[in-house]
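Biologist: Got the two-chain model open here. Can you walk me through it?

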There are 2 protein chains.
Amino acid sequence: MKMLYSKTFAMLICLFCLIYTGFVYHESSDKPIPYPEGYRYWTHVKTAIIGPENHSAVRFQGIHHIYANDKAMKGYATGKFPDGSIIVFDLLETSVETTSDILEGDRKFIDVMIKDSHRYDSTGGWGFEEFNGNSLTERNILHLSKSKCFNCHAKKSSSDFVFSSFRK
Amino acid sequence: MKMLYSKTFAMLICLFCLIYTGFVYHESSDKPIPYPEGYRYWTHVKTAIIGPENHSAVRFQGIHHIYANDKAMKGYATGKFPDGSIIVFDLLETSVETTSDILEGDRKFIDVMIKDSHRYDSTGGWGFEEFNGNSLTERNILHLSKSKCFNCHAKKSSSDFVFSSFRK
């Protein structure tokens with residue numbers, strides 16, 4: 001009978017540990033990536049238009065601008081992005097006013113990369129999120145950053161997993 | 001004889017005044033507009049692509065970005081641009097990589113507007129200049145800002161002679 005109590009007690013300890021570990025894991029890696037407030041006033045890195053024939057058109061067709069905070073600008077200069085770097089890929093519809101001009105239309109979404117080498121060590125030190133339209137809270141990526149973002153960014157290990165470079 | 005001396009003296013005074021006035025005028029209105037150092041780190045206002053069918057394509061065809069310094073950002077917010085506001089229209093060639101994507105190519109020129117309501121009172125308080133390609137010194141406008149820039153900007157008196165507005 002005494003042994004049964006001991007076993008039960010040990011199992012409870014184990015259960016507690018598992019729950020606690022899970023909780024800590026959740027806290028450290030699944031804390032939502034914050035909306036990048038004020039990114040429209042950050043440095044404009046570059047722009048491109050992805051057309052209907054691009055292989056990634058389903059997701060990325062439109063005109064996109066890339067913005068970087070000051071820490072990320074150090075990354076573009078040195079090739080190594082310090083913790084706290086944030087890069088925003090701001091995708092807008094294209095609005096064709098005449099047959100040859102292209103204007104900026106409504107926002108489709110913004111993609112955000114934030115560098116925290118400890119928290120996101122399984123995805124190159126980068127956390128990824130997507131905010132739908134103009135929403136500050138509607139997240140499209142959440143737990144799927146590896147399959148939806150990092151598997152492609154992984155190709156760019158030579159530039160710290162960043163595709164863009166600063167246009168001067 | 002004495003009268004002749006007096007007349008010559010008076011004429012010399014007049015000549016001196018004319019030269020001096022001309023010099024001051026030259027100093028106040030014709031001082032070259034400085035190259036807007038660091039504008040690539042200013043706020044990105046908006047972007048558009050002007051195609052071959054646009055009526056201003058001869059001069060402006062390509063992809064352009066508009067950048068504004070902090071004072072000019074106050075102007076976009078209030079509709080009245082304070083002295084010291086600088087706006088840069090950065091025009092690049094478009095470089096078509098596939099049949100549907102459009103990338104940024106070489107710089108064609110930058111157009112600069114700088115607000116000084118006293119110095120440039122004959123052109124809405126704005127001085128205009130254009131720097132060719134990536135040059136910091138090769139100016140295309142100089143004394144022709146009225147005919148080459150202001151005559152068109154004059155249409156926009158309701159927005160302090162500025163065409164663009166800040167895209168959020």
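Modeller: One term up front: buried means under 20% relative accessible area, exposed over 50%, and partly exposed in between (1.4 Å probe, protein chains only). Also, helices (H or I, at least four residues) and strands (E, at least two) are DSSP runs, numbered from the N terminus. This is a predicted model, where local features need pLDDT of at least 70, side-chain atom pairs count only at pLDDT 80 or more, and totals for chains, interfaces and linings use all residues. Residues are numbered from 1 along each chain as its sequence is written, chains are lettered from A and ligands numbered from 1 in the order in which they are written, and side-chain values use heavy atoms, with hydrogens and water left out.

Biologist: OK, E1 of chain B then. How many of its residues are buried?

Modeller: Seven of the eight, so E1(B) is mostly covered.

Biologist: And what does E1(B) pair with inside chain B?

Modeller: E2(B), antiparallel, over seven bridges. Two strands pair if DSSP finds at least two bridges between them. One example is Ile49(B), whose bridge partner in E2(B) is Ile63(B).

Biologist: Which strand of chain A does E1(B) pair with?

Modeller: E4(A), also in the antiparallel sense, over two bridges. There, Leu103(A) has Ala48(B) as its bridge partner.

Biologist: Why does Ala48(B) count as buried?

Modeller: Because its relative accessibility is 7%. Leaving aside neighbours within four places in sequence, Ala48(B) is in contact (heavy atoms within 4.5 Å) with Ile102(A), Leu103(A), Gly62(B), Ile63(B) and His64(B).

Biologist: Switching to the interface. How much area do the two chains bury?

Modeller: About 2400 Å² between chain B and chain A, 46% of it on carbon and sulfur atoms. That's the accessible area (1.4 Å probe) that two parts lose on being put together, summed over both. On chain B's side, Arg40(B), Ile49(B) and Arg167(B) supply 24% of the area buried against chain A, more than any other three residues.

Biologist: How many residues does each chain put into the contact?

Modeller: 30 from chain B and 30 from chain A.

Biologist: What about salt bridges between the chains, how many?

Modeller: Four, counting a side-chain nitrogen of Lys or Arg within 4 Å of a carboxyl oxygen of Asp or Glu. One of them joins the side chains of Asp90(B) and Arg167(A), at 3.7 Å, N to O.

Biologist: Which elements of chain B give two or more residues to that side?

Modeller: Strands E1 (43-50), E2 (62-68), E3 (86-95) and E4 (102-115) of chain B. E1(B) gives the most, with eight residues.

Biologist: Let's go to chain A. What's the order of helices and strands along the sequence?

Modeller: α-β-α-β-α-β-β-β-α, which comes to four helices and five strands. Of the 168 residues in chain A, 43% count as buried.

Biologist: And strand E5 of chain A, how many of its residues are buried?

Modeller: Six of the seven in E5(A), residues 126-132, so that strand is mostly covered too. Seven bridges join E5(A) to E4(A), residues 102-115, and the two run antiparallel.

Biologist: What stands opposite Phe109(A) in E5(A)?

Modeller: Asn132(A).
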